[in-house]
Amino acid sequence: MYMVRIPGELETFGAWPIEGAETRPGETWVYFSSQVVAKGFARAHGGRLERARWEVDLAYQKTWTAKPVGDKWWIAPAWDRSGTPPGRWRLEMKEGLVFGAGDHATTCASLELMERLNWADKRVFDLGSGTGILSEAALRLGARLVAGCDLEADAARMTHGRGVLAAHGPSMAFRDAAFDILLVNIPGYVHLDLAPEYGRLLTPTGTLLLSGYYTWQAERIEAALPGFEKTAQIERGDGWVASIFSHARPTASSVAIS
Ligand SMILES: C[S@@+](CC[C@H](N)C(=O)[O-])C[C@H]1O[C@@H](n2cnc3c(N)ncnc32)[C@H](O)[C@@H]1O
């Protein structure tokens, strides 16, 4: 974890993927999981980059127990020997700091919505793959190809470990992309920044599965997706949303004739 000390009080963080912030006398401390992003933020705000001194207590992960998610999944920690119930696929919960073990409502809601899509022969991109749990689920569901990326090196490595082509860095590195399904479970304010990227990564008839935001953020995020039409939405946990959007094919009347 990295911390950037900014002189004075910072009122807005824009689209930066921060992990948290604290107001201290005369300065603001802003936390990042990615060193690259923290460096960029420090440069943009005239701040000083440091290694965060506090440690995250991961003891709660020892209390994980296996659980069903949706109709198809069985999310289980590595040490669980309960056996996978018939008709379900086991996805292993990975311990550590990387997000996406399967214990968060946004991950579970994404897995649940993934069951509604047709995966046969599909090319899939997992933007912000975390532990790679959604990538592995896409492979299980029959996707032809799954690629992903994450700003966190550990996340890219873990995703790669699940048999996925995963890059450490932003999605912009994937040029000439044409994916059929795009999975994006990242914090709400980051969707606002990345929205144009979703259209670029998808084919003109592709499908976007979004999560990571609250119901109160949905309207603003949907407004940032003009080329998309929402076809499904579920809410889980404390108001977390996961939605499916179609990349709307242009209609005859919307095509400009010169
Ligand atoms: C909420 S986690 C989701 C992990 C996993 N996909 C899941 O559904 O559980 C979001 C992940 O996106 C990554 N991330 C945030 N902003 C990103 C960006 N602009 N490009 C790539 N990865 C990003 C974070 O490092 C984090 O691992």
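Helices (H or I, at least four residues) and strands (E, at least two) are taken here as DSSP runs, numbered from the N terminus. The structure described is a predicted model. In the loop between β10 and β11 of this model lies Asp 176, a residue other than glycine with a positive phi, near 50°. Asp 176 has 5 other C-beta atoms within 10 Å and is therefore exposed.

A comparable case is found in the loop between α2 and β8, where Asp 121 is located. The phi of Asp 121 is likewise positive, near 65°, in a residue other than glycine. Because Asp 121 has 10 C-beta neighbours inside 10 Å, this residue counts as exposed. As a point of reference, most residues other than glycine have a negative phi. A positive phi is also present at a glycine, Gly 142, which follows α3 and has a value near 110°.

At the level of the whole chain, the protein is divided into domain 1, covering residues 2–51, and domain 2, covering residues 115–253. The centres of the two domains, taken over C-alpha atoms, are 27 Å apart. Domain 1 contributes 6 residues to the contact and domain 2 contributes 7. On the side of domain 1 that touches domain 2, 4 residues are nonpolar and 2 are polar, while no charged residues are present.

Two open sheets are described next. The sheet of 4 strands has antiparallel pairing and the order β2-β3-β1-β4. Its edges are formed by β2 (20–24) and β4 (48–51); each has a single partner strand, so one side of each is left without a neighbour in the sheet. On average, and with direction ignored, neighbouring strands of this sheet are turned by 25° against each other. Within it, β1 (residues 2–7) and β3 (residues 27–32) are paired in the antiparallel sense over 6 bridges. Arg 5 has Trp 29 of β3 as its bridge partner. Helix α1, formed by residues 35–45, lies across β1, β3 and β4 and runs at about 5° to β1.

The sheet of 7 strands is also open, but its pairing is mixed, and its strand order is β10-β9-β8-β11-β12-β14-β13. The strands at its edges are β10 (165–168) and β13 (228–236), each of which pairs on one side only. Here the average turn between neighbouring strands is 15°, direction ignored. Strands β8 (residues 123–127) and β9 (residues 145–150) run parallel and are joined by 5 bridges. Asp 126 is bridged to Gly 148 in β9. Helix α4 (residues 153–160) packs on the sheet, where it touches β9 and β10, and its direction makes about 170° with that of β10. Helix α6 (residues 215–223) lies across β12 (202–214), β13 and β14 (240–247), and the helix runs at about 150° to β12.

Burial was then examined for individual elements. In β8, 4 of the 5 residues are buried, and the strand is mostly covered. Helix α2 is also mostly covered, with 8 of its 10 residues buried. The buried residues of α2 include Thr 106, Thr 107, Cys 108 and Met 114. Helix α3 is mostly covered as well, 6 of its 8 residues being buried. These are Ile 133, Leu 134, Ser 135, Glu 136, Ala 137 and Ala 138. The packing partners of the buried residues of α3 are β7 (89–93), α2, β8, β9, α4 and β11 (179–185).

Several of these elements also take part in the surroundings of the ligand. At least two residues of the shell are supplied by each of α2 (105–114), α3 (133–140), β9 and α5 (188–201). Of the 24 residues around the ligand, those that come nearest are Gly 100, Thr 107, Gly 128, Gly 130 and Asn 185. Thr 107 is thus among the residues that come nearest to the ligand and is also one of the buried residues of α2. By class, the shell consists of 12 nonpolar, 10 polar and 2 charged residues.

Notes:
Residues are numbered from 1 along each chain as its sequence is written. This is a predicted model: local features need pLDDT of at least 70, side-chain atom pairs count only at pLDDT 80 or more; totals for chains, interfaces and linings use all residues. Domain bounds come from an automatic or database domain assignment. Two residues are in contact if their C-beta atoms, placed from the backbone, lie within 7 Å. Ala, Val, Leu, Ile, Met, Phe, Trp, Tyr, Cys and Pro count as nonpolar, Asp, Glu, Lys and Arg as charged, and the others, Gly among them, as polar. Two strands pair if DSSP finds at least two bridges between them. Axes are lines fitted to C-alpha atoms, for helices over the stretch in contact, and angles run from 0 to 180 degrees between N-to-C directions. A residue is near a molecule or strand if its C-beta atom, placed from the backbone, lies within 6 Å of it. A residue is buried if 20 or more other C-beta atoms lie within 10 Å of its own, exposed if 12 or fewer, and partly exposed in between; C-beta atoms are placed from the backbone.
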